[in-house]
Amino acid sequence: MRINYILPGAWELTEEAQTPIYAINVPTAWRQVAKALTARRSRGSYRSIPVRSLDTLISATFPQIIYTNRRSWSGDPVPWIYATDRANIEELPFLVQGWFREEFGATEEVEAAISNLRHQDWQWFSQVYSPSDEEIRWQGIPDYLARQLQGATIAFGLNRQYPLQFYRVNRFEDGAELMSFPPTDIPVGKGKVSVSFVILLKLHTVPWRKEPLIYHALSLRRWVTSSLIKNENGEFRYRGVTAYIGDTRRWLDGAEQPFSFITLRMKRGEEEPYWHPHTITELLRDAGEIPEPKELASNPVYNWHQFNRSNRTVQAAIPVGDRLRRHPCLPGVSPLDLARLDQEIAACLPVERVGEGVRVQQANSRRLTQVSNKRLMLHPEIASPAASKVLRSQPTVLILWETEAIRDALIAELCRLLTLAPTSESNIYAGEYGSLQILTQDVGILGNLLDVGSFSVPARNRQQRRVQCLEERIQLIANSVPRVEGLKGALVEIIEPPNIPEADPKLAWRVGLAQAGYVNQHLHALKEVDEEDTSRKAAQTRTSNKERVKRAVTDLLRQWGVLSNSLIQPEVDYVEPHTWLTCLSILRRTRRTNVQGIPHTAAIMVRVNPVSGEVQATTPQLWRSQRWASYPDVLQHLTAERWEPNSWFDESNDESSEERTLLTQFVAQCLQDCLNTPIADVNNPYVLFMAEAHNTRSKLSWLHNRELLDLAPGNLPNELKRHIQNQEKRDRLWIVRLRTTDDMEVPVYISKNSEGSRTKGVFEWQNVCDQSKRQVYLSISQLPSSAKFVLRRSQSRLDSAKSPAGQVKPLEIAPIYHPGIPAEQLVQFVHSLRKRWLYFADTVALPFPLPFATKAKEYAVSVRDNAETLEAIEEVQLEDE
């Protein structure tokens with residue numbers, strides 16, 4: 001059935017929020033001590049007080065807090081804590097002093113600094129706020145609505161046969177969260193899995209709309225039900241897990257409160273697991289009924305069957321991490337589940353929906369061509385002609401193998417995909433479209449784990465030893481691989497991630513091979529299977545092995561920038577084929593991923609010639625020396641990009657106006673160059689520039705919603721006008737801003753008058769913009785071909801654990817500047833570009849060529865990055881699949 005209308009999950013209040021909100025200021029003396037200790041730890045260079053760790057502590061002991069404003073600790077005249085109840089804060093000063101000791105060390109110096117602080121300085125602020133007040137509405141309004149759903153029962157399922165009760169989860173991130181409890185069991189084979197539904201409410205702005213809207217989302221949280229104590233010694237083998245503790249008592253002062261959850265981190269100690277941070281240990285003991293960490297790890301199903309929200313029976317549960325191991329229950333909820341929640345919100349909360357999505361019709365009856373599996377780079381009839389441009393120069397592929405099965409499978413796949421055959425010349429394979437040199441080399445000691453436990457490496461801790469070991473291994477790899485000329489790439493068999501993340505040599509392979517001139521793709525050893533085994537499991541293993549080899553080879557072609565010709569179809573797209581396709585991506589390095597604790601930023605600009613299929617890219621550093629370079633050359637350059645604090649893009653001040661000005665200048669220069677560069681000898685080409693808002697708006701402020709509000713229809717942003725002054729060139733430039741569902745920035749949707757139905761296409765989100773001449777569109781792609789046997793229209797997630805959810809995430813498209821082309825026509829073209837990514841086309845959210853830019857982050861690495869903390873059990877992020 002064709003769906004012509006969708007209902008976005010976007011709401012606005014229909015009545016003024018009335019719940020009073022109280023506040024606490026940070027006393028001046030306490031703030032001064034925090035600044036002094038921070039500066040002392042930073043050796044005089046004051047950065048910022050690490051208040052985030054204090055937020056975690058406070059929110060875990062005082063669940064009535066709805067918002068903490070960290071700027072209060074830096075001296076801004078704003079309260080620090082906003083809460084819906086004036087709890088007894090007699091213990092608060094002791095808690096903050098404990099945080100001082102934990103954050104800065106329990107030294108004589110710290111004790112001397114905090115010993116004279118006055119406890120009576122902490123007082124409730126007399127002013128009373130409303131949740132809708134502009135100062136706090138971003139947290140106040142979601143909190144206000146969530147409190148009205150506190151304890152509510154929402155019935156899911158086709159016949160509403162699954163009534164779930166929802167309770168607040170205290171969180172210090174944006175938004176308000178509710179979770180169903182006790183967990184619901186879903187049968188899986190002879191066993192069962194335990195899950196909860198999670199509701200998240202957040203405020204977000206929309207392009208060309210002044211007032212923010214309330215978005216909702218629904219996700220699944222899966223729970224651990226078996227003991228986490230795995231060996232005979234009773235050892236807790238995980239680095240840490242997050243536990244959800246439900247209680248009817250407030251830990252700060254012991255007062256009764258509605259049943260709600262707080263999150264605590266359980267970490268592995270030398271002998272037993274412990275609650276983190278240490279500061280709350282005494283509070284936990286005073287609370288009395290909080291489980292001991294080892295007891296909870298042994299019995300994760302803690303009091304679930306004694307759940308009674310009217311009597312105090314403390315609940316505890318540990319969510320299952322989904323990154324390292326398969327779980328019997330797939331993530332995500334069904335479209336029917338989203339429809340049930342949507343109906344409940346419309347019926348029970350003081351809100352009304354803002355606008356609805358109306359299908360944008362095609363310019364004529366001709367449909368956009370679909371990129372089916374037969375048109376992917378996985379198939380020789382596409383890959384071989386597309387690769388002819390590089391095969392003519394006889395590139396080199398180096399296979400670094402540990403098992404002969406990988407080596408032979410990769411050689412066979414390269415020959416199959418590129419229609420090559422061995423020649424009389426050693427290591428040369430040739431075919432109709434050109435030739436390829438394939439070299440092989442045993443991984444040997446290059447693939448061994450890093451010896452980060454060796455005390456022969458002079459360093460103070462494992463992370464510093466890792467840096468030294470990485471630098472040594474990178475140099476060894478770079479010196480050990482063959483030195484050949486021309487385009488080259490490597491396929492590397494790597495070991496499975498070790499239990500100690502710092503020992504993983506994967507980063508050394510990435511950087512070392514790049515330094516030797518090889519773009520590289522990694523894969524793990526193939527699973528062993530008896531060739532004579534005819535069982536279904538054996539057949540699945542063989543298929544899985546073949547697919548992994550195919551993907552590895554195809555991804556290497558992606559890193560070479562291999563594309564087909566004629567990427568724009570004028571008779572279908574109604575767009576001039578001589579149009580540069582360009583995009584920008586910011587490659588961030590945060591404090592958490594950098595050993596020095598200093599964030600850094602790089603940027604990559606990608607452009608694609610749609611006639612020739614040539615991919616080029618540049619960075620601010622490259623632009624100064626050589627303008628554009630081939631895509632593989634830029635990937636190799638990224639590993640050498642200057643990531644030190646004195647780099648061109650130093651993000652020590654995230655709001656640096658100079659940095660934003662330089663980046664805008666870089667973008668404008670790239671666009672100006674494209675406007676001046678002919679395509680296939682055709683002068684005056686058009687240029688389409690795309691950027692994803694979540695990724696770029698902090699650096700390109702003219703892409704921010706508050707800046708777009710003041711941008712008149714048909715006007716180019718002033719920041720670009722200063723650099724592109726020729727009107728004829730401006731008339732050939734189109735700018736589109738995109739937003740994905742990351743951080744709930746795009747609303748979920750349901751099909752109007754057809755609950756549980758799925759749809760695809762482009763929908764204009766009507767009646768949402770304040771400006772009548774502005775439009776916002778929602779692009780919904782088709783279900784991935786891999787999403788087989790999805791939950792049916794009549795099914796809830798609670799009906800089936802093993803079916804994919806099949807909820808396609810929408811993409812928001814905002815045409816900012818588009819002279820000479822109607823907005824709907826441009827949006828349809830951008831929507832069609834979501835299907836032009838010939839590498840696994842149905843697995844990307846952003847339109848072509850943005851995946852080239854985002855995937856470049858694989859090379860934006862440094863040995864100074866922290867090793868990824870891979871834990872078998874960890875908190876699950878919000879999923880809307």
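**Group meeting: helices in a predicted model**

Let's start right after helix α13: what follows it is Gly-517, and its phi is positive, near 95°. Keep in mind, as you look at the structure, that this is a predicted model.

So where does α13 itself sit? Helix α13 covers residues 506–515, and eight of its 10 residues are buried, so the rest of the structure largely encloses it. If you want to find them on screen, the buried ones are Leu-507, Ala-508, Trp-509, Arg-510, Val-511, Gly-512, Leu-513 and Ala-514. And what covers them? The cover includes three strands, β19 (396–401), β23 (488–494) and β24 (519–524), along with the helices α12 (462–480), α14 (536–559) and α17 (631–638).

Hold on to α14, since we meet it again. Two packed helices are described by the angle between their axes and the distance between the axes. For α14, take helix α11, residues 404–417, as the partner: the two pack at an angle of about 60°, with their axes 9 Å apart. That angle makes α11 oblique to α14, and the crossing is right-handed. Which residues meet there? From α11 we have Ala-409, Leu-410, Glu-413, Leu-414, Arg-416 and Leu-417, and facing them in α14 are Val-549, Lys-550, Val-553, Thr-554 and Leu-557. Sorted by class, the contact of α11 with α14 has seven nonpolar residues, one polar and three charged.

Now let's look at another pair. Helix α1 (residues 28–41) and helix α3 (residues 92–104) have axes that come within 11 Å and cross at roughly 5°. That makes α1 roughly parallel to α3, since angles under 35 degrees count that way. On the α1 side, Trp-30, Val-33, Ala-34, Leu-37, Thr-38 and Arg-41 take part, and they meet Pro-93, Val-96, Gln-97, Phe-100, Glu-103 and Phe-104 in α3. Here the residues of the contact divide into eight nonpolar, two polar and two charged.

Last stop, a single residue. Ser-832 belongs to helix α23, residues 823–833. Is Ser-832 buried or exposed? Its relative accessible area is 1%, so Ser-832 is buried; the cut-off for buried is under 20%. What does its side chain touch? There's a polar contact with the side chain of Asp-573, at 3.4 Å. On top of that, a polar atom of the Ser-832 side chain lies 2.6 Å from the backbone oxygen of Phe-829.

That's my tour, so pick a helix and have a look.

Conventions:
Residues numbered from 1 in each chain as written. Predicted model: local features only at pLDDT ≥ 70, side-chain atom pairs only at ≥ 80, totals over all residues. Heavy atoms only, no water. Axes fitted to C-alpha atoms, helices over the stretch in contact; angles between N-to-C directions. Helix = DSSP H or I, 4+ residues; strand = E, 2+ residues; numbered from the N terminus. Parallel < 35°, antiparallel > 145°, perpendicular 65-115°, else oblique. Contact = heavy atoms within 4.5 Å. Nonpolar A, V, L, I, M, F, W, Y, C, P; charged D, E, K, R; others polar. Buried < 20%, exposed > 50% of the residue type's maximum accessible area, 1.4 Å probe, protein only. Polar contact = N/O pair within 3.5 Å; in protein donor to acceptor, adjacent residues only side chain to side chain. Left-handed = near helix turned anticlockwise from the far one by under 90°.
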